[in-house]
Every structure is written in structure tokens, then in C-alpha cells.
Amino acid sequence: MPVLSLSSAAWHFRDAATQRWLPATVPGCVHTDLVAAKKIPDPFFGTNELGLQWIEERDWEYRGTFSVPPALLSDEVVELVADGLDTVATVTLNGTEVARTDNMFVGFRWPVKSRLRPGRNEIVVRFESAMKYVRANSSFTPPREINDPVGGCVRIRKQQCQFGWDWGPRFVTAGIWRDLRLESWTANRLEAVRVTQHHDSDGTVALSLAPETARPADGLTFHASLKLAGKEVAQAYFGRAEAGQRILSVKDPQRWWPAGQGAQPLYDLTVTALDAAGQARGSVHHRIGLRTIALDRSADQWGECFRFLVNGRPVFLKGANWIPAHSFVAGLTRRDYERDLRAAAAANMNCVRVWGGGIYEHEAFHDLCDELGLLVWQDFMFSCTLYPGDERFLANVRREADYQVRRLRHRASIALWCGNNEIPGLNPESAEGELKKGYEAVFHEVLPQAVQALDGVTPYWPSSPWRGRFERSHENGEKSGDTHFWDVWHARHPVKDYEKWSFRFVSEFGMQSYASPETNATFCPTHEGNVFGPAMENHQKNRAGNQIILDYVSRRYRFPRTQKDLIYLSQLNQAHCMQVGVEHYRRLMPRCMGAIYWQLNDCWPVASWSSIEFTGHWKALHFAARRFFAPALVTAHVPGDEKPTIGNYRETTVDEVHLYTVFDGPAPRSARLRWELWRLDGRRLAARSRAVKLVPGESVRHETVAVRPHMDKHGRDHLYVRLILESNGETLSEQSVFLTSPRFLALPAGAPRVTAKAVSPNEIDLTFVAPVFLHAVDCNVRGLHASLSDNFFDLYPKVPRTIRVTLPRPTSTKTLLARLRTHSLVDSFA
Ligand code: BMA
């Protein structure tokens with residue numbers, strides 16, 4: 001079918017109140033176009049955000065001129081297709097209005113043949129200020145939400161976090177944010193194909209195919225072909241009468257699995273509509289994975305389970321929450337998603353939650369999730385506040401849900417449709433009449449109906465968190481549903497409180513840290529880089545953020561020497577908190593079947609809960625995540641705690657260390673569990689090892705190490721326990737356990753000896769050997785844009801540790817060693 005992309009048209013834009021047109025990019029948005037035209041400075045730099053708020057108050061016009069080839073006009077229908085307009089737009093073609101839109105999350109298709117002419121044409125898209133729209137539609141006033149600085153941004157179906165969030169700036173933009181094109185066809189057009197999989201008991205997978213056409217499909221036949229790695233494995237012709245029935249059958253199917261459970265084979269399905277003369281009337285191509293996904297909520301000994309079954313196998317979901325990859329999402333491509341999604345998979349994650357205050361992500365995002373085996377918990381884009389429920393709004397939501405469900409339902413990685421983020425926390429059930437009705441209508445009628453009618457297989461869950469009814473006590477989170485746990489961080493509870501609760505599934509919990517000095521330098525000149533100064537404060541969007549970081553850092557570490565050390569400690573603290581949470585949730589398996597921390601990525605350079613900085617730099621947390629999400633994990637539960645008594649005397653209730661293995665690999669394996677008790681000055685006091693069997697889905701407590709006698713004799717400030725899980729000489733998992741807060745530890749000073757060995761022009765192995773125990777060694781290779789296979793690791797006395805450094809360009813070992821700086825916890829205060 002002929003297509004004319006309008007991205008390559010000659011585009012200009014202007015403030016609608018002025019006459020001056022400037023060059024524009026489509027897809028794009030007004031902020032990035034203003035930057036490109038040098039009309040505004042870098043919006044992320046310093047406090048520039050504050051001076052750019054005028055942009056949201058203006059109306060903006062985009063004008064494109066393009067030439068229509070006569071062939072396009074010879075078809076019966078020509079449609080203008082807009083995959084995304086942000087947001088209140090009036091579209092005009094050659095001077096005549098085509099349509100008005102008010103939903104950024106819907107793709108549109110308008111017949112425009114009569115308005116086009118051969119040769120030169122002009123399209124104008126005028127965007128009304130979203131702020132004006134919000135004010136004009138003031139009949140609905142939601143109860144104020146903390147992340148809605150505007151008040152009422154929910155009246156418009158637009159990426160909510162553009163209005164500001166507790167990790168994101170306020171840039172209420174406008175623009176043609178996704179692809180825009182002309183498509184022409186005659187007689188009929190195949191629009192979509194609904195694919196339903198049937199996994200039969202003999203192992204065969206059958207696909208039923210339901211084509212959806214622009215006009216009634218009278219007289220059409222369809223051809224379906226399924227290929228794996230370019231080789232056809234099934235094909236068939238079918239008629240309208242067989243639509244929705246089993247069309248293709250795959251005898252020896254290769255199943256798609258989430259990362260860590262198996263491979264991700266993707267089959268190419270192509271369905272073509274043919275008319276009586278055999279002429280193609282449109283074709284749809286999907287890459288699909290053969291798998292079943294179910295949300296199991298059956299009754300069990302604890303209440304009601306909440307676990308995902310993939311191909312019938314229970315899978316513990318390990319992952320992080322995903323926010324928009326950039327403050328300006330317009331025109332993002334695969335490259336923009338690849339870095340962080342690959343990093344998620346590299347950190348042993350098998351899932352991401354697309355959080356409901358952002359956007360429905362780009363096809364490229366979902367391609368990558370399918371390829372990498374990252375299950376997607378897909379929120380609908382509603383978050384943290386109550387929404388209108390009038391007919392006009394509901395119709396708009398219905399259109400949006402229809403569009404998005406049809407767009408994404410075939411994806412191998414789509415595991416769940418979730419109605420919203422955190423709205424039940426605002427007590428919609430006890431809200432005033434209209435608010436309550438609106439809530440019920442959107443999340444218990446319109447959205448589930450769309451999922452049921454258009455997908456029919458993927459489960460729907462009304463909110464995250466949700467328990468099957470309106471209630472959100474921690475006690476009930478131990479029985480059913482999913483939980484967001486923010487006692488640690490927002491309520492400043494002790495980190496140990498993670499271990500207080502036996503939740504069924506935890507879809508949010510988090511701890512902030514500062515981004516690295518390198519990332520901060522991208523928006524802040526060093527002399528203005530004080531974390532409490534105006535530029536850095538503007539890049540800390542949680543009002544209490546700095547205090548809370550300092551609070552938790554001070555509970556665990558000594559007063560840092562420099563701001564760099566503070567940044568390092570904030571990252572160690574964040575990694576520690578998430579480790580405590582995740583390892584607890586994993587030890588609880590199978591009672592708990594998911595741990596999704598807040599948050600994977602950033603949309604600009606900022607202090608936040610992310611494990612990957614905006615620049616792609618991995619924080620200590622991301623390296624820790626790779627360890628605590630490893631399929632075979634050795635983990636310790638240390639019952640008791642150290643607390644100050646009156647007079648600030650330290651008292652501990654710690655007596656024992658309980659050693660567990662947790663395993664969620666696909667097949668059993670044998671391993672050896674070792675522990676060693678060491679004095680920090682280098683004397684080994686005790687050691688033990690035992691053979692263990694790692695069984696999929698099992699968390700097993702193997703050993704109790706009685707540490708109290710050693711604590712009494714040597715003092716807990718002088719001890720650490722080293723844990724190792726190994727198999728055939730390979731370390732599967734390893735960590736150090738302290739019996740007091742690290743700030744009290746008598747850490748020996750020392751630096752590692754480093755040797756380098758080139759493995760390939762772009763890869764160098766670094767081997768570290770330290771004379772003494774060093775905690776959380778941070779290796780920094782300045783300016784080389786290197787990626788490290790591990791970092792923030794412990795070195796044990798005289799035990800070599802090798803990491804691989806991958807460099808974007810060929811680099812000599814000499815250059816690398818010259819750039820390398822290492823420091824460890826002891827250096828942050830010594
Ligand atoms: C959550 C999220 C976000 C927020 C985060 C940190 O509950 O859903 O709204 O950014 O906490 O406060």
C-alpha cells in the first residue's frame with residue numbers, strides 16, 4: 001500500500017502569536033525545536049528549566065509542505081495517519097480543517113483525498129497551549145496530588161509527568177511526537193490481525209487469526225505465513241468465515257521464555273488480505289513468541305497467590321519500574337531504548353513495569369522487550385490522582401484503550417494490563433459521588449472491557465497496588481495482590497523494615513541517590529555543583545529528597561570527606577537498601593513472587609531512585625542488582641539489629657546469621673555453599689562449606705552461623721562474614737555480611753594492586769588484588785566511556801578478582817591503567 005512519510009516534508013514552526021517561522025523536525029516537539037533554532041538554552045542545564053515555563057502558555061503552529069505523487073491520488077482512499085499528536089491539535093490541509101484532537105495517546109487516521117492535490121500541498125497543525133486547555137476545562141477539579149504542581153493536569157490526556165514529577169522537570173511541550181504519513185488504498189484495507197494462541201496438550205501450538213478490515217471483508221481471502229529465522233513453518237489460506245478460528249498449526253514449537261528461563265525465539269507472522277482477483281488489500285506483520293502467560297490468583301495457605309505463569313511455569317518477576325526515557329519523548333528510537341533495556345537484562349531482570357504517569361512506549365521499546373525476554377507490566381496512563389468520569393472523557397479513554405490494546409496485544413512480552421498507578425491510595429471508593437463513579441467507570445468498566453474485547457487473553461489488574469478490593473494495609477499485602485512499599489524512604493523507617501512484611505508481590509519500593517559527578521557535570525559547572533545549591537536543588541525534585549538521602553547515609557556511613565564521597569555513599573546506601581528488600585522478597589519465594597524496584601532509568605540528569613543515570617552510567621545499585629537478581633543467590637538474614645539506647649550507647653540484638661540459597665533458574669543444579677568468618681585485620685576465625693542442591697523455585701535456609709560468641713570475643717566492629725555460592729569453580733553468588741553498621745567497622749586502609757591484560761582491541765581484563773579487606777571498591781576510568789562487568793565490589797585479602805572493561809575504541813592497557821582510579825569505603829572518610 002502506497003505510503004508517503006511526512007517526516008521528510010519541509011517543516012517549520014512558530015509561536016502562533018508571531019509571524020516568524022523557524023525550521024522544525026517531525027517527529028519532534030517545540031522544546032527541542034526551540035533548542036535547535038537556538039532560541040532557548042539547553043533546558044536541562046543549571047536552573048534553565050525555571051526560565052522556560054513560558055513555552056507552555058503559548059500556542060504553537062507546525063507547517064509542512066510536501067509533494068504528492070499522482071500515483072497516491074489514483075487510489076480510492078487517501079488517509080492522513082498520525083501516530084501521535086501532543087495534544088490539543090487542529091489539523092488543516094491546504095487551508096481546510098481536517099480534525100481536532102485532544103489525546104496524545106491515540107493514533108488517528110483521517111480520509112483526506114478530497115483535500116489533496118497533485119504536487120505541492122501544505123499541512124498545518126496548530127497546538128493550543130495545554131495549560132490553557134486545562135484551565136478552560138475547569139469543571140472537573142481533582143483532589144490535589146503531590147506530583148501535580150499544575151492542579152488539574154488530569155483533564156487532558158497527555159503525558160502526566162510533563163507537568164513535573166518527583167524525579168522530572170516541568171516541560172509541558174507540544175508537537176507531532178510520532179510518525180505522520182499519508183497512506184492510500186482502494187476497496188479495502190487489512191488494518192490488524194488478532195492472534196490467539198492455543199497450546200494443546202500434545203505440544204502443538206495453533207494460532208487463530210481474526211483479521212480486522214477497514215470495510216466489511218466480503219469477497220476477501222487471507223493468506224497467513226509463519227516463519228522462524230526466515231524458514232516457513234506453517235502457511236494457510238482462509239476465508240472470512242474462518243476468521244477467529246485455528247488457522248496455523250506449529251507441530252514442534254519453540255517456546256518463548258522470559259530472560260533466565262529459556263530462549264526468546266520470535267516467529268514472523270505475515271497475514272495478507274487478497275481480493276477475488278488475487279490482488280493484495282493490505283498486509284500485517286507481527287513478530288510473535290509462542291508462549292502462554294497467566295496471572296495465577298488461586299487460593300493458597302497465605303491467602304491468594306499473585307504469580308505469573310509462563311508456559312505454565314511460575315516465574316518470580318525481577319525488575320524495575322520504567323519511566324519515559326527522556327523528558328522529550330518525541331522521536332525517540334530504538335537507540336534511545338536499547339541502552340537501558342539491555343542493561344536491565346544484563347542485571348538479571350526479567351521484567352519492567354511501564355509506569356502509568358508516562359507514555360505508552362514506542363514499538364522499538366516493545367521489540368527490545370520481546371527480544372530480551374523482559375516481561376512488560378503495562379500500566380494504562382493514569383497515575384496518582386482522580387480523573388473525570390463524564391461521557392466525553394470516557395469516550396476519549398475508550399478510544400485510547402482500543403488503540404493501545406490493538407497495538408500491543410500480540411507482543412510476546414506483554415504480561416499484564418494494569419489500570420493505573422496508585423489511585424486507590426486516594427480512596428476513590430469514599431470520594432464524592434461523581435469522582436467515585438468516574439473511577440469505577442474508567443478502571444472497572446472501560447479499560448477491562450477493552451482488554452477483554454480486543455485482547456481476551458492477557459490479564460487485567462485494575463491498579464498497582466491492588467488487592468482485589470479497596471484496601472491497602474501491609475497486613476493484607478501479605479495475603480494477596482501487589483504492594484508498593486514506601487515505609488523506607490518516604491516514611492523514613494529503618495531499612496530493616498523491608499524484612500517486617502511478607503508481601504505477595506512488590507511492584508514499587510525505592511531509595512534515592514545522587515548521580516555521579518560525571519553526570520552532574522553535564523548540567524552544572526563544577527563551581528556550582530554543591531548539592532544544596534540552586535542548580536543541584538533544581539535537579540532534586542523530591543522536596544525532602546536531600547534530607548532523606550543524608551538521613552539514610554548518616555545511619556550507615558561516616559561523615560564523608562568530600563561531596564564526591566557523599567555521592568558515592570548515597571549510591572552505596574541505595575544499593576544496600578534495594579539489596580535488603582530484594583533479597584528478603586526472594587527469600588520469601590514462593591509466598592512472594594515479584595520484586596520490581598523503583599526505578600530503572602531517568603528522563604534527565606537528576607538525583608533520583610534510578611539505578612541507571614541519564615547518561616547511561618550505572619549507579620552502584622545497578623551493579624548490585626546484577627548480583628541480587630542472579631538466578632542462584634546466596635543470601636543472609638541477620639535477625640535482630642543494632643540500636644542506640646538512652647545516652648546513645650550501642651546495643652545489639654544480633655546473635656546469628658541465617659544462610660539461604662534462592663534459585664529461580666530453569667533446571668536444578670548442584671553447588672557448594674561456603675562461609676567464612678573473618679576479622680577485618682585479616683585473621684580467619686571460622687569457615688564451613690556444604691554441598692547444596694539448587695531446585696527451581698526454592699528458597700532454602702541451610703545454615704545458622706552462631707556469631708554471638710565471636711562478637712563477644714572480638715567485638716562486632718572487627719568482623720565480617722564472607723558468603724560464597726560456587727559450582728565447578730565458578731562463583732555463582734558472593735557477598736559480605738556485617739554485624740554492625742559499616743560506619744563502626746574498623747576497616748583497614750589499603751589499595752589494590754591492578755594488572756591489565758588485553759583480551760581484544762576493545763576489551764581489557766583488570767585483575768585486582770588487595771592486601772586487606774576492601775569494601776565496595778569503585779573503579780573509575782575517566783573519560784573513556786568504558787563499561788565494566790562489575791563495580792562496587794568487595795576485595796578479600798589476597799584473593800584476585802578480575803573484571804572486564806569494554807571500551808568504545810581500541811585502547812591500550814597502559815592508557816587504561818593511567819586513567820584508572822579506585823577507592824573503597826575506607827577512603828570515603830579516612
Ligand atoms: C511512586 C511512583 C511515582 C513516584 C515514586 C517516588 O509511588 O508511583 O509516583 O515517582 O513513587 O516517589
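The following exercises, each with a worked solution, concern a predicted model.

**Exercise 1. The ligand site**

Determine which residues are closest to the ligand and which side chains make polar contacts with its oxygen atoms.

Solution.
- Step 1. Begin with the surroundings: the ligand has 13 residues around it, and the closest are Asp166, Trp167, Glu422, His490 and Glu508.
- Step 2. Sort the shell by class, which gives 7 nonpolar, 3 polar and 3 charged residues.
- Step 3. Look for pairs of N or O atoms within 3.5 Å. A polar side-chain atom of Glu422 is 2.4 Å from a ligand oxygen. For His490, an N or O atom of the side chain lies 2.8 Å from an oxygen atom of the ligand. For Trp165, the corresponding distance to a ligand oxygen is 3.0 Å.
- Step 4. Consider the cover of the ligand: taken alone it exposes 310 Å², and the protein buries 96% of that area.

**Exercise 2. Helix H12**

Establish how the span of helix H12 (residues 563–587) relates to the expected value, and whether the helix is enclosed or open.

Solution.
- Step 1. H12 comprises 25 residues, and the distance from its first C-alpha to its last is 36 Å. This is close to the 36 Å expected at 1.5 Å a residue.
- Step 2. Count the buried positions, for which the relative accessible area must be under 20%. In H12, 22 of the 25 residues meet this condition, so the helix is largely enclosed by the rest of the structure.
- Step 3. Inspect the start of H12, where a side-chain oxygen of Thr562 comes within 3.3 Å of the backbone nitrogen of Lys564.

**Exercise 3. Helices H5 and H9**

Identify the buried residues of helix H5 (residues 363–372), and describe the setting of Asn520 in helix H9 (residues 517–520).

Solution.
- Step 1. The buried residues of H5 are Ala364, Phe365, His366, Leu368, Cys369, Asp370 and Leu372. Because 7 of the 10 residues of H5 are buried, this helix is largely enclosed by the rest of the structure.
- Step 2. Examine what comes after H5: Gly373 follows, with a positive phi near 75°.
- Step 3. Turn to Asn520, which belongs to H9. Its relative accessible area is 8%, so Asn520 is buried.
- Step 4. Trace the side chain of Asn520, which reaches the backbone oxygen of Ala515 at 3.1 Å.

**Exercise 4. Pairing around strand S25**

Work out which strands pair with S25 (residues 307–310) and in which sense.

Solution.
- Step 1. Strand S22 (residues 293–296) pairs with S25 in the antiparallel sense over 4 bridges. Within this pairing, Asp296 stands opposite Arg307 of S25.
- Step 2. S25 is also joined to strand S26 (residues 313–315) by 3 bridges, again antiparallel. Here Leu309 has Pro314 in S26 as its bridge partner.
- Step 3. Examine the connection: S25 and S26 form a hairpin with 2 residues between them, and Asn311 in the turn has a positive phi of about 50°.

**Exercise 5. Strand S46**

State how many residues of strand S46 (residues 774–781) are buried, and name the bridge partners of Leu774 and Asp778.

Solution.
- Step 1. S46 is mostly covered, with 8 of its 8 residues buried.
- Step 2. Strand S48 (residues 793–795) runs antiparallel to S46 and is joined to it by 2 bridges. The partner of Leu774 in S48 is Leu795.
- Step 3. Strand S50 (residues 820–823) pairs with S46 over 4 bridges in the antiparallel sense. The partner of Asp778 in S50 is His823.

How values were computed: Residues are numbered from 1 along each chain as its sequence is written. This is a predicted model: local features need pLDDT of at least 70, side-chain atom pairs count only at pLDDT 80 or more; totals for chains, interfaces and linings use all residues. Side-chain values use heavy atoms; hydrogens and water are left out. Buried means under 20% relative accessible area, exposed over 50%, partly exposed in between (1.4 Å probe, protein chains only). Two strands pair if DSSP finds at least two bridges between them. The expected span of a helix is 1.5 Å times one less than its number of residues. A polar contact is a pair of N or O atoms within 3.5 Å; within protein, one must be able to donate a hydrogen and the other to accept it, and residues adjacent in sequence count only if both atoms are side-chain atoms. A residue is near a molecule or strand if one of its heavy atoms lies within 4 Å of it. Accessible areas come from the Shrake-Rupley method with a 1.4 Å probe; for residues, only the protein chains shown count as cover. Ala, Val, Leu, Ile, Met, Phe, Trp, Tyr, Cys and Pro count as nonpolar, Asp, Glu, Lys and Arg as charged, and the others, Gly among them, as polar.
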